[in-house]
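This report describes the chains and the contacts between them, starting from a single loop residue and moving outward. The structure is shown first.

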Amino acid sequence: MTLHADLKVTRGAFRLDAELVVEPGEVVALLGPNGAGKSTALRALAGLLPLTGGHIRLGGQAWDVPPDVFRPAERRPIGVVFQDYLLFAHLSAVENVAFGLRARGAGRAAARAEAARWLDRVGLADHAKAKPRTLSGGQAQRVALARALATGPDLLLLDEPLAALDAATRLHVRAELGRHLRDYPGHTLLVTHDPLDAVVLADRLVVLEHGEVVQQGTPTEVARRPRTDYVADLVGLNLYRGTAHGTTVSLDAGGTLTVATPATGPVHVVFPPNAVSLHPDRPAGSPRNAWRVTVAGIEQHAHTTRVRLDGVPPVLADVTTATVADLRLQPGDELWAAVKATEAHAYPS
Amino acid sequence: MRALALAALLVVTGCGTSGTGGDGRLTVFAAASLTETFTRLGADFEAANPGVDVVFNFGGSSALAQQIGQGAPADVFASAAPANMAQVVDAGGTAAEPVTFAANRLEIAVPAGNPAGITGLADFADADAKIALCAEQVPCGAAAKRAFEAAGVTARPDTVEQDVKAVLTKVRLGEVDAALVYRTDVRAAGGEVVGIGFPEADRTVNHYPIAPLAKARDAARARAFVDHVRSDRGRAVLAEAGFDAP
Amino acid sequence: MALVLPAVVGLAFLLVPLVGLLVRAPWGTLPARLLSPSVGEALRLSLVCASLATVVCLVLGVPLAWLLARGDVPGRGVLRALVTVPLVLPPVVGGVALLFVLGRRGLVGQYLDAWFGVSLPFTTAGVVLAEAFVAMPFLVISVEGALRAADPRYEEAAATLGASRWLAFRRVTLPSILPGVVAGTVLCWARALGEFGATITFAGNFPGETTTMPLAVYLALETEPDAAIVLSVVLLLVSVGVLAALRDRWISGPS
């Protein structure tokens with residue numbers, strides 16, 4: 001029973017046109033910048049927004065095939081965890097979890113018992129009678145997850161499920177969410193703009209930009225071969241479009257780079273920021289790629305310092321704290337950037 | 001109706017304080033049933049006395065009497081009932097003895113076509129007919145009560161209204177089959193309402209007294225207006241509207 | 001200071017007339033007058049009619065508020081304006097309008113009369129209708145405001161859990177807007193209790209049947225100002241009592 005979705009939604013100037021396939025037990029992360037159409041896709045799958053074209057089918061069931069078929073949200077076997085959870089404030093935790101069961105026809109006692117089991121599974125048996133406003137962010141997230149899973153949905157939709165949490169809580173809740181998702185036999189679609197959530201939780205990434213799928217694959221594939229600036233930035237890589245003539249690539253944005261493997265025609269050139277070295281003068285020796293750059297910004301990360309550099313082409317460099325001190329890096333400084341040809345990978349676009 | 005009277009009073013009071021006693025204004029407080037006739041007479045009076053501006057405050061007689069008692073700036077009071085005039089007289093509010101200038105009597109009012117086939121007071125005891133009367137607390141209701149007593153009829157009204165105009169409205173809209181209102185009201189309603197006389201109507205005659213008031217800003221002008229109402233021209237206008245001579 | 005002085009004047013403007021009423025009240029004869037059957041009858045009728053009118057307003061007004069706040073209807077702005085017309089319409093005009101529609105010769109009333117023998121003017125049902133007509137906008141505005149302030153995504157969350165629109169409204173939306181509904185209900189009831197113009201025009205005045213407290217006050221003013229004051233004091237005390245009992249809800253308003 002595979003979920004086939006060809007999501008076509010036109011609203012004003014915005015167009016979503018994305019194909020998604022999710023296998024049972026698979027977790028697919030829908031990744032993209034704000035305004036890419038992630039929420040629209042999720043709402044269409046949930047039945048909160050009708051498609052204007054395409055289709056949504058789960059196994060043999062048609063959910064949305066305009067203009068003939070539209071199953072509203074309440075008639076789809078789905079569970080949704082919303083970004084800010086949307087727990088019903090006047091109901092206790094257990095009543096929130098029981099809500100879907102009651103709405104789908106379970107008796108009061110049976111629904112409560114099942115809801116209590118789910119709260120126990122997410123480790124909140126002690127908070128069954130608590131009102132949502134007394135719960136911490138992490139607890140509320142777990143109640144929302146229990147509420148979404150309690151009805152045994154075929155499709156689980158998670159909308160930025162960790163976005164509302166602080167960094168410390170997020171680490172813990174992310175690991176726990178991963179455990180529940182591995183146990184869940186249905187189809188899962190996770191909408192997020194956080195690459196770490198996507199990489200940790202998902203089996204497959206689908207990257208959405210301007211309403212279109214620009215890339216999909218396993219997290220490793222996508223990280224190694226980003227196809228757009230957004231994906232490259234997301235996974236922390238320098239990415240350039242250009243035209244290859246053997247080992248020399250003329251970049252569309254200006255400048256040339258030398259790569260190790262020869263290619264012909266349009267390519268993407270990719271190298272990680274830590275492959276870039278910085279020098280006060282033109283470096284002598286092996287580097288084939290060296291060009292003048294100006295420091296545009298310096299960001300301190302956990303173990304490295306990321307330097308944004310303007311030049312032809314512009315580039316990101318991760319350098320050690322020692323290098324920053326040696327070079328006395330300041331915004332506006334003029335330097336030479338160097339990248340070994342063996343570090344720069346080109347692949348056809 | 002009352003709200004309207006109070007609003008009018010506010011307007012009158014406001015103007016009274018801003019103007020001076022020497023201006024050409026003449027303020028007449030008159031019973032609501034005099035609205036049409038006094039408006040005409042006022043226009044005549046203004047035409048005959050250039051520079052005079054006649055302002056009316058029409059309302060229920062008892063309300064007007066109360067307003068005069070509370071110090072409302074009125075020059076002339078024309079009441080639909082001697083009792084309300086007596087209130088003002090007792091408080092020393094009049095400048096001269098009140099005189100009766102007109103009389104009015106009740107008539108049965110039915111909607112055009114008389115759908116319920118009303119012929120006399122006896123039909124007012126019919127439970128199936130929709131009947132409207134004035135409340136006994138107001139003059140037309142008191143007069144109606146006297147008529148029913150004289151006829152030996154126990155009326156079964158569906159509504160007892162606060163003033164005669166409200167009763168008349170119900171007849172005009174056809175919401176009731178019959179009502180007792182003043183003959184002048186029937187006349188004023190034109191073709192929408194048909195009047196039916198009845199023998200006991202003599203018991204319902206209502207006398208209208210008029211008097212210039214003690215606090216009149218121009219006593220001569222107030223007296224002149226009273227005389228104007230009592231003149232041949234005044235009587236003619238009143239008779240045309242259905243009033244009896246005093 | 002620039003705000004305090006007008007505020008105090010405003011407060012005095014609202015309160016002094018009420019105080020005047022209490023000062024002028026004939027306290028000596030008050031108990032005897034209160035116990036008179038006509039006062040009891042008018043008070044009972046007032047409470048019953050205002051409460052029934054409020055029920056009518058709730059049954060019709062809450063769904064109407066929902067339609068205005070959430071419904072996908074064209075010309076919603078115009079509709080919203082029309083719904084509030086009774087707020088600005090002189091109640092007497094409202095009463096006449098009701099007569100034109102529901103009177104014996106009214107657009108609808110003539111058929112009610114001809115087919116079912118039902119005539120609404122001059123009946124207690126007519127009082128309830130007149131009061132509901134005038135009071136419903138208060139409820140609709142209050143509930144609609146609460147609905148518009150409430151997050152519609154909770155209804156969506158309920159839908160994804162399998163709840164029909166009605167279930168979502170009943171179990172999720174309604175509880176969340178309860179303060180607004182309560183505030184609207186109180187306003188509506190208070191307005192219905194004090195209703196005069198539309199009632200006397202549409203339902204007339206007959207003791208025990210259509211004479212509510214405000215009508216009794218008006219009639220008593222003609223002859224017995226003291227009785228009118230007593231009736232007004234009763235009306236005042238009942239209203240203050242009810243409003244005070246619901247004060248917390250009232251002040252917190254729609255949240």
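In this predicted model, D68(A) has 8 C-beta neighbours inside 10 Å and therefore counts as exposed, the cut-off for that class being 12 or fewer. D68(A) sits in the loop that links β5 (61–65) and β6 (69–70) of chain A. Between D68(A) and S277(A) there are 60 Å from C-alpha to C-alpha, and the two are 209 residues apart in sequence.

**Chain A as a whole**

Chain A holds nine helices and 19 strands. Its C-alpha atoms occupy a box of roughly 80 × 45 × 35 Å along the principal axes. Of its 349 residues, 42% count as buried. When contacts between residues at least 6 apart in sequence are considered, 63% of those in chain A join residues at least 24 apart.

Two domains are assigned in chain A: domain 1 covers 3–234 and domain 2 covers 238–348. The centres of domain 1 and domain 2 of chain A, taken over C-alpha atoms, are 39 Å apart. Contact between these domains of chain A involves five residues of domain 1 and five residues of domain 2. On the side of domain 1 of chain A that touches domain 2 of chain A, three residues are charged, two are nonpolar and no residue is polar.

**Strand β9 of chain A**

What is the burial state of strand β9 (residues 187–192) of chain A? Six of its six residues are buried, so β9(A) is largely enclosed by the rest of the structure. The side chains alternate in direction: H187(A), L189(A) and V191(A) point one way, T188(A), L190(A) and T192(A) point the other way, and all are buried.

β9(A) has parallel partners in β3 (residues 27–31) of chain A, through five bridges, and in β8 (residues 155–159) of chain A, also through five bridges. In the pairing with β3(A), L31(A) has T192(A) as its bridge partner. In the pairing with β8(A), L157(A) stands opposite L189(A). From β8(A) the chain passes through helix α5 (residues 167–183) of chain A to reach β9(A), and this β-α-β crossover is right-handed.

**A mixed sheet in chain B**

Chain B contains an open sheet of five strands with mixed pairing, in the order β7-β6-β8-β5-β9. The edges are taken by β7 (159–161) and β9 (193–196) of chain B; each has a single partner strand, so one side of each is left without a neighbour in the sheet. On average, neighbouring strands of this sheet are turned by 35 degrees against each other, direction ignored.

At one edge, β7(B) pairs with strand β6 (residues 131–134) of chain B in the parallel sense, over three bridges. One residue pair in this arrangement is C134(B) with its bridge partner E161(B) in β7(B). Helix α5 (residues 139–151) of chain B packs on the sheet and touches β5 (106–111), β6, β7 and β8 (178–182) of chain B. The direction of α5(B) makes about 115 degrees with that of β6(B). Helix α6 (residues 164–172) of chain B also packs on the sheet, where it touches β5, β6, β7, β8 and β9 of chain B. For α6(B), the direction makes about 140 degrees with that of β8(B).

**Contacts between chains**

Two pairs of chains touch, and the pair with the most contacts is that of chains B and C. Chain A and chain B are not in contact, and their closest C-alpha atoms lie 47 Å apart. The residues in each contact are listed below.

| Contact | Residues from chain C | Residues from the other chain |
|---|---|---|
| Chains A and C | 14 residues | 17 residues from chain A |
| Chains B and C | 15 residues | 16 residues from chain B |

On the side of chain A that touches chain C, the elements giving two or more residues are β7 (78–81) and α2 (93–103) of chain A. The most comes from α2(A), with three residues. By class, this side of chain A has twelve nonpolar, three polar and two charged residues.

On the side of chain C that touches chain B, helix α13 (residues 213–223) of chain C supplies the largest share, four residues. This side of chain C has seven nonpolar, five polar and three charged residues.

Conventions:
Residues numbered from 1 in each chain as written. Chains lettered and ligands numbered in written order. Predicted model: local features only at pLDDT ≥ 70, side-chain atom pairs only at ≥ 80, totals over all residues. Contact = placed C-beta atoms within 7 Å. Nonpolar A, V, L, I, M, F, W, Y, C, P; charged D, E, K, R; others polar. Domains from an automatic or database assignment. Buried ≥ 20, exposed ≤ 12 C-beta atoms within 10 Å, placed from the backbone. Pairing = 2+ DSSP bridges. Right-handed = clockwise from strand over helix to strand, strands pointing away. Axes fitted to C-alpha atoms, helices over the stretch in contact; angles between N-to-C directions.
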